[in-house]
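Work through the exercises below with the sequence and the model open. Try each task before reading its solution.

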Amino acid sequence: MKCRELADFLMDYVSGELPEEHRAHFELHLSRCRNCHEYLAQYESTVKAGRIACGEMSDELPGDVPEDLVKAVLAARKLDPAK
Amino acid sequence: MGSATPVDDEAALIAQLRAGDESAYEQVVRTYGGRLLAVTRRIVGSEEDARDIVQDAFLNAFKSVGRFEGNSKLSTWLHRIAVNAALMKLRTRKRKPEQSIETMLPSFLEDGHHEERFKSWDEPVDKALERAETRQLVRAKIDELPDGYRTVLVLRDIEGLDTEETAKMLGLSVNATKIRLHRARQALRTMLAPHFAASGGGKATP
């Protein structure tokens, strides 16, 4: 397996979906190629970074809903009730 | 503050909504509004549009709460309504042609090796992301991804939808969705790398 193929298989490997026969080759390459090892680490870190930056614990979230949005929704609902 | 407390008894809340209880509507907006606003903003890239979408999503949800079957959680149902509306907005908006992502994907030498030598990152991401400015940077870089890639990344990696559901929402095949997600992550890595590795990347010596 070459670095190019390893990059293609990366996502399946990370999610545990890479078939057994590819996984052995993947891991063999990984054990010999520092550059691919580093790329894999950064790929996983990137996914994690996105989750942390935009996730539940993120600053822009979620506790405070703008008061004017709450008021706007409730007012609009009264104008156009369900029934 | 503390308005986003989890709902203990969702069934009771839904019953109140169906009965037209005003305080239940308000509780739902306060509990779920922030998160809906964040994901919608991330998809459409505009605060004003996000607010309109979230407002409409709540109104639609309130109207159709009689049809809510309770197979999913209320929050999941609300997210679906808002995300679908956000994707619709993105489709109807006049956009400039999608920018190419190719230059942000890894390139390879003829022998199949990476062209770039990856410089290791200075610290673990969870540590780096303890800083608000780094979290802000990551969000800004996600926002820079072309629409078709950003939406897949948001739905899969941030909203946590599975590939099948993401594909369905975007009208893509499962395979196309997987390819897009992989490319979006690779592109995001390329954008983050100069900020996470002090001395940046470099060309591999032949």
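**Exercise 1. A charged pair between chains**

Task: Find the salt bridge that Arg77(A) forms, and place both partners.

Solution. Step 1: Arg77(A) pairs with Glu22(B), and their closest N and O atoms are 2.9 Å apart. A salt bridge here is a side-chain nitrogen of Lys or Arg within 4 Å of a carboxyl oxygen of Asp or Glu.

Step 2: the pair crosses between chains, with Arg77(A) in helix α4 (residues 67-79) of chain A and Glu22(B) in helix α2 (residues 22-44) of chain B. Helices (H or I, at least four residues) and strands (E, at least two) are DSSP runs, numbered from the N terminus.

Step 3: check the exposure. Arg77(A) is buried, with a relative accessible area of 10%. Glu22(B) is partly exposed, at 27%. The classes are buried under 20% relative accessible area, exposed over 50%, and partly exposed in between (1.4 Å probe, protein chains only).

Step 4: look for a network. Shared salt-bridge partners link Asp68(A), Arg41(B), Glu47(B) and Arg51(B) into one.

A note on the model: it is predicted, so local features need pLDDT of at least 70 and side-chain atom pairs count only at pLDDT 80 or more, while totals for chains, interfaces and linings use all residues. Residues are numbered from 1 along each chain as its sequence is written, chains are lettered from A and ligands numbered from 1 in the order in which they are written, and side-chain values use heavy atoms, with hydrogens and water left out.

**Exercise 2. A pair within one helix**

Task: How are Arg23(A) and Glu20(A) separated in helix α2 of chain A?

Solution. Step 1: the two side chains meet in a salt bridge, 2.8 Å from N to O.

Step 2: both residues lie in helix α2 (residues 20-32) of chain A, and because they are three residues apart, about one helical turn separates them.

Step 3: compare their surroundings. Arg23(A) is partly exposed, with a relative accessible area of 28%. Glu20(A) is exposed, at 52%.

Step 4: recall the principle. Side chains of opposite charge can pair when their charged atoms come close.

**Exercise 3. The interface**

Task: Describe the contact between chain B and chain A, starting from the residues that each chain supplies.

Solution. Step 1: count residues. Chain B gives 55 residues to the contact and chain A gives 48. Contact means heavy atoms within 4.5 Å.

Step 2: take the area. About 4,900 Å² is buried between the two chains, and carbon and sulfur atoms give 60% of it. Buried area is the accessible area (1.4 Å probe) that two parts lose on being put together, summed over both. On the chain B side, Arg35(B), His182(B) and Arg185(B) lose the most area to chain A, together 12% of what that side buries.

Step 3: list the charged pairs. The structure holds 20 salt bridges over all chains, and seven are found across the interface of chain B and chain A. One pair is Asp12(A) and Lys178(B), at 3.3 Å from N to O. It runs from helix α1 (residues 3-14) of chain A to helix α9 (residues 174-196) of chain B. Lys178(B) is partly exposed, with a relative accessible area of 23%. In another salt bridge, Arg30(B) meets Glu67(A) at 2.7 Å, N to O.

Step 4: find the main contributor. On the side of chain B that touches chain A, α2(B) supplies the largest share, 12 residues.

**Exercise 4. Inside chain B**

Task: Is Thr40(B) buried or exposed, and which residues does Thr40(B) touch?

Solution. Step 1: Thr40(B) is found in helix α2 of chain B. At 0% relative accessibility, Thr40(B) counts as buried.

Step 2: leave out residues up to four places away in sequence. Thr40(B) then touches Gly45(B), Ala50(B), Ile53(B), Val54(B), Ala82(B) and Ala86(B).

Step 3: turn to Trp77(B), in helix α4 (residues 74-92) of chain B. Trp77(B) is also buried, at 15% relative accessibility. Its contacts beyond four places in sequence are Ala61(B), Ser64(B), Val65(B), Phe68(B) and Ser72(B). The C-alpha atoms of Trp77(B) and Ala61(B) are 8.5 Å apart, across 16 residues of sequence.

Step 4: widen the view. Chain B has nine helices and two strands. Of its 206 residues, 48% count as buried.
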